[in-house]
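Thanks for making the time this morning. I would like to go through one model with you, element by element, and I will put the sequence and the structure up now.

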Amino acid sequence: MTQPRPTPGLPTKPTGWPVGSYDTYEQAQRAVDYLSDNQFHVEKLTIVGVDLMQVERVLGRLTWGKVIGGGLASGAWFGLFVGLIISIFFNGPDFWWPIVFCVIAGMVFGVISAAIPYAATRGQRDFASTMQLVAGRYDVLCDPGSAEQARDMLAKLAL
């Protein structure tokens with residue numbers, strides 16, 4: 001019996017038999033790379049993250065000084081970029097005026113765009129953080145017709 005083809009772009013549940021289970025993505029990637037190096041048809045494999053967790057890592061405390069400083073810096077960089085592009089079209093000794101104007105304008109807009117969201121939190125989120133999606137383990141699944149061969153090859157990798 002043939003399985004229906006998945007619609008492109010829509011999420012589908014992975015299929016196959018587990019041939020290896022690993023604590024980290026790097027270990028699962030190493031296993032697939034090993035199979036590839038040994039001429040296994042890797043298009044029959046899927047790496048699946050299991051027991052997903054959303055992890056927020058706190059980077060540090062936010063203060064008004066850090067928020068304004070960050071807004072000034074990011075605005076200045078953006079303004080410099082825009083100013084350099086505009087200055088290409090200016091000839092003579094006045095080519096640097098667009099750069100100066102855009103850097104100053106960028107700093108103003110950078111401070112505004114950083115301060116408004118920070119002020120809106122009213123002290124409820126005075127820290128900076130990053131978010132990651134992390135799996136508890138990573139399983140390598142294989143097409144059932146080739147799973148035994150993949151499992152045997154990965155057993156050699158573990159030796």
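In which strand is Ala 128 found? It is strand β3 that holds Ala 128, and I should say at once that what you are looking at is a predicted model, so please hear everything that follows in that light. With a relative accessible area of 27%, Ala 128 is partly exposed, because that category covers the values between under 20%, which is buried, and over 50%, which is exposed. If we set aside the neighbours within four places in sequence, Ala 128 is in contact with Arg 57, Val 58, Leu 59, Gly 60 and Leu 62. Leu 62 deserves a second look, since 66 residues separate it from Ala 128 in sequence, while the C-alpha to C-alpha separation in space is 6.2 Å.

Let me now turn to the sheet. There are three strands in an open sheet, ordered β1-β3-β2, and the pairing is antiparallel. β1, residues 17–22, and β2, residues 45–61, are the edge strands, each of them pairing on one side only, and from one strand to the next the twist averages 30°.

Taking the two pairings in turn, β2 and β3, the latter spanning residues 127–142, are joined in the antiparallel sense over 15 bridges. One example of a bridge partner is Met 131 in β3, which is matched with Glu 56. On the other side, β1 and β3 also run antiparallel, with five bridges joining them, and there Trp 17 stands opposite Cys 142 of β3.

Two residues of β2 are worth a pause. Is Leu 52 buried or exposed? Leu 52, which lies in strand β2, has a relative accessible area of 54%, and it is exposed because the cut-off for that word is over 50%. Opposite Leu 52 stands Ala 135 in β3, and, not counting residues up to four places away in sequence, Leu 52 touches Leu 133, Val 134 and Ala 135. Leu 52 and Tyr 138 are 86 residues apart in sequence, and their C-alpha atoms are 9.9 Å apart in space.

The other residue is Asp 51, also placed in strand β2, whose phi is near 60°, a positive value in a residue other than glycine. For context, most residues other than glycine have a negative phi. Gln 39 is a further case, with phi near 65°, again positive and again in a residue other than glycine. Gln 39 sits in the loop between α1 and β2, and at 66% relative accessibility it counts as exposed.

That brings me to the helices. Helix α1, residues 25–37, lies across β1, β2 and β3, and its direction makes an angle of about 145° with β2.

How do α1 and α4 pack? Helix α4 takes in residues 147–158, and its axis is 10 Å from that of α1, at an angle of about 110°. The two helices are therefore roughly perpendicular to each other, since angles of 65 to 115 degrees fall in that class. On the α1 side the meeting residues are Arg 30, Ala 31, Tyr 34 and Leu 35, and on the α4 side they are Ala 150, Met 153, Leu 154, Lys 156 and Leu 157. By character, the residues of this contact divide into seven nonpolar, no polar and two charged.

In the loop between β3 and α4 we find Ser 146, which is buried, with a relative accessible area of 8%. Leaving out residues up to four places away in sequence, Ser 146 touches Phe 40 and Lys 44.

I will finish with a second serine, Ser 87, whose place is in helix α2, residues 64–87. Ser 87 is buried as well, its relative accessible area being 9%, and its side chain reaches the backbone oxygen of Leu 84 at 2.9 Å. Apart from residues up to four places away in sequence, Ser 87 touches Phe 95, Pro 98 and Ile 99. I am happy to go back to any of these places on the screen.

Definitions and conventions
Residues numbered from 1 in each chain as written. Predicted model: local features only at pLDDT ≥ 70, side-chain atom pairs only at ≥ 80, totals over all residues. Heavy atoms only, no water. Helix = DSSP H or I, 4+ residues; strand = E, 2+ residues; numbered from the N terminus. Buried < 20%, exposed > 50% of the residue type's maximum accessible area, 1.4 Å probe, protein only. Polar contact = N/O pair within 3.5 Å; in protein donor to acceptor, adjacent residues only side chain to side chain. Contact = heavy atoms within 4.5 Å. Pairing = 2+ DSSP bridges. Axes fitted to C-alpha atoms, helices over the stretch in contact; angles between N-to-C directions. Parallel < 35°, antiparallel > 145°, perpendicular 65-115°, else oblique. Nonpolar A, V, L, I, M, F, W, Y, C, P; charged D, E, K, R; others polar.
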